[in-house]
Amino acid sequence: MKYVIGIDLGTSAVKLLLVNMNGKVIQEISKEYPLMQEKAGYSEQNPEDWVEQTIAGLTELTDSFPGDVSDIEGISFSGQMHGLVLLDENHDAIRPAILWNDTRTTKECQEITEQVGREKLLHISKNIALEGFTLPKIIWVKKYEPENYSKAKLFLLPKDYLRFRLTGRLHMDYSDAAGTLLLDIEKRSWSDEICTALDIDPELCPPLVPSHEMVGNIDEIIAEKTGLSEKISVFAGGADNACGAIGAGILEEGRTMASIGTSGVVLSYEDAGNKSFAGKVHYLNHAAPDAFYTMGVTLAAGYSLSWFKNTFAKEMTFDDLLQEAADVPVGANGLLFTPYIAGERTPHVDASIRGSFIGMDSSHKRKHFTRAVMEGITFSLNESLEIFRENGKSVDTVISIGGGAKSTMWLQMQADIFNTTVIKPGSEQGPGMGAAMLAAYGSGWFETLPECASVFLKDAQTVEPIRENVEKYKELFTLYKSVYASTKQINKDLMKYRNGNEV
Ligand SMILES: Nc1ncnc2c1ncn2[C@@H]1O[C@H](COP(=O)(O)OP(=O)(O)O)[C@@H](O)[C@H]1O
Ligand SMILES: O=C(CO)[C@@H](O)[C@H](O)COP(=O)(O)O
């Protein structure tokens with residue numbers, strides 16, 4: 001039997017999946033690393049932590065591998081998107097990586113829009129300038145850290161840096177490059193026009209490759225450290241949401257996925273790159289060949305729940321916390337939560353908005369707050385789904401992945417709020433599975449990715465909406481949507497009191 005490894009470089013942890021030729025997950029390993037938040041709105045990670053924890057995970061995997069390691073044929077990657085890793089002439093990381101959920105670049109987004117022109121930016125990159133994307137971070141470093149910028153010879157995204165450290169080869173795949181705002185999405189090439197308008201040296205941009213392309217082998221020293229064979233083929237991999245889509249079987253028009261990881265995503269397959277969504281949702285290259293996808297993003301989805309748990313129930317497991325909330329009725333006894341604890345992207349592009357609990361009552365206990373947090377996160381995802389529906393997509397089934405899909409209660413809540421059937425795939429590790437599928441397809445095990453999906457992907461659980469809950473949630477969703485406008489200005493005024501911005 002032959003095997004592949006899918007490595008998902010997430011925000012909270014790196015997750016490794018060892019998968020056999022039948023798509024069976026033989027082993028799952030997860031290794032965490034910290035997030036650095038020096039000021040309100042800042043979010044950084046140390047690239048060395050990604051490398052160390054991946055090496056530790058791979059070593060654990062080979063140590064307990066029951067067969068011959070030379071049967072592991074391929075490795076590929078899925079990675080948190082948009083994070084900026086700047087390399088100097090020796091290819092050393094110049095500063096910590098600035099991540100997708102860092103919102104310090106509101107001014108830089110305005111400058112990009114003015115200097116490139118909103119219509120031209122939309123035409124080339126198919127997206128508007130958002131704080132999370134990579135280009136505003138490059139401009140920020142250029143402006144506020146000129147010494148670092150002058151040393152920069154190349155930029156990479158998180159999983160590209162990890163792959164570079166494992167192989168010594170420098171590349172970026174189209175699906176991740178699409179989230180930089182520097183890629184011409186339709187032509188699949190770096191945009192000289194955008195680089196010129198912003199005075200960015202195009203030499204900073206790495207060579208582009210498709211996600212299933214073989215880009216090298218495991219470096220000798222890494223092979224020795226991890227116990228992997230130097231002969232293993234390494235395939236480029238893709239953006240975590242594009243890989244999540246592959247791992248959830250989003251490989252044809254009409255298929256929609258919801259992911260509750262650190263971020264929350266609602267994503268739909270697109271077969272062409274020449275449509276226009278006017279920047280209301282992200283429109284990016286898929287990791288499947290010649291395909292695209294649209295998606296809405298909730299910045300703090302699972303992150304809102306982990307913030308709540310770490311702050312108010314640190315000693316509890318997620319399972320126990322959610323179990324406690326299982327008997328709380330729909331609507332959490334009149335408590336609403338908006339998950340804007342790190343600002344928001346879809347549908348409100350707003351770095352200064354923050355979360356609220358509305359309707360707190362002296363009868364509320366921790367379990368009501370837990371339920372309200374889960375409902376608020378799911379309402380936020382539903383706002384993205386609403387945009388898809390308003391644009392003519394009919395969505396009656398949603399494939400649910402990410403840490404949130406571990407909970408049956410949350411799957412039911414998604415079915416009730418989305419008013420769709422919700423399917424949980426065999427592994428909720430969609431991005432890791434998608435990466436493993438890219439390695440399997442790249443290794444020539446299958447002619448196409450859909451063929452690979454038909455062998456690898458099995459539905460594990462199907463949840464139908466409960467009519468009574470659907471009706472209640474329709475009403476609550478209207479109330480939820482009104483909270484943004486009511487709290488927008490208050491949050492702007494509170495900004496100066498936030499950590500790092502104090503008066
Ligand atoms: N047992 C669980 N039930 C429901 N949600 C969970 C559970 N465990 C973790 N989560 C949620 O999943 C999130 C992590 O999801 P994951 O897909 O692993 O994230 P990432 O890929 O961003 O690192 C956590 O922030 C948490 O909110
Ligand atoms: O910024 C986005 C998508 O645009 C995020 O979805 C990141 O890609 C991080 O994802 P997770 O760590 O939550 O998987």
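Reader: Which residues are closest to ligand 2, and how many surround ligand 2?
Author: Keep in mind that this is a predicted model. The shell around ligand 2 has four nonpolar, ten polar and one charged residues. The closest are T11, M81, W100, G261 and S263, and the number of residues surrounding ligand 2 is 15.

Reader: And ligand 1: what does its shell look like by class?
Author: Here 19 residues surround the ligand, and the closest are G10, G261, T262, G302 and G403. Glycine counts as polar in this scheme. By class, the shell around ligand 1 comes out as six nonpolar, two charged and eleven polar residues.

Reader: Which helix gives the largest share of the shell around ligand 1?
Author: Two helices, α11 (302-312) and α12 (318-324), each supply at least two residues of that shell. The largest share is four residues, and the helix they come from is α11.

Reader: Is strand β16 mostly enclosed or open to the outside?
Author: Let's take its two faces in turn. T256, A258 and I260 point one way from β16 while M257 and S259 point the other way, and all are buried. That makes five of the five residues in 256-260, so β16 is largely enclosed by the rest of the structure.

Reader: Which strand pairs with β16 in the parallel sense, and which in the antiparallel sense?
Author: On the antiparallel side there are five bridges to β17 (residues 264-270), and I260 stands opposite G264 there. A hairpin through three residues joins β16 to β17. For the parallel pairing, M257 has I399 as its bridge partner in β22. So to speak, the antiparallel partner is β17 and the parallel one, over three bridges, is β22 (residues 397-401).

Reader: What is the phi of G23 in the turn between β2 and β3?
Author: Strands β2 (residues 13-20) and β3 (residues 25-32) pair in the antiparallel sense over seven bridges, with L16 partnered by I29. They form a hairpin with four residues between them, and G23 sits in that turn with a positive phi of about 85°.

Reader: How far apart are the end C-alpha atoms of the UniProt domain at residues 3-247?
Author: That stretch comes from an unreviewed UniProt entry, which lists it as "domain: Carbohydrate kinase FGGY N-terminal". Over residues 3-247 the chain is 36% helix and 24% strand, and the end C-alpha atoms are apart by 16 Å.

Reader: What span should helix α17 have, and where does the helix bend?
Author: At 1.5 Å a residue, the 28 residues of α17 (residues 467-494) should span 40 Å, and the end C-alpha atoms are indeed 40 Å apart, which agrees. There is a bend of about 45° along the way, though, and it falls at T487.

Reader: Which residues of α17 are buried, and how does K492 count?
Author: K492 lies in helix α17 too. Buried needs 20 or more C-beta neighbours within 10 Å, and exposed needs 12 or fewer. The buried ones include Y473, Y480 and V483. K492 has 13 C-beta neighbours inside 10 Å, so its label is partly exposed.

Reader: How far is K492 from K231 in space?
Author: In sequence, the two lysines are 261 residues apart. K492 belongs to helix α17. From C-alpha to C-alpha, the distance between K492 and K231 is 55 Å.

Technical notes: Residues numbered from 1 in each chain as written. Chains lettered and ligands numbered in written order. Predicted model: local features only at pLDDT ≥ 70, side-chain atom pairs only at ≥ 80, totals over all residues. Near = placed C-beta within 6 Å. Pairing = 2+ DSSP bridges. UniProt positions renumbered as here; feature names shortened; annotations may be inferred. Expected span 1.5 Å × (residues − 1). Bend = angle between axes of the 7 residues up to and from the residue.
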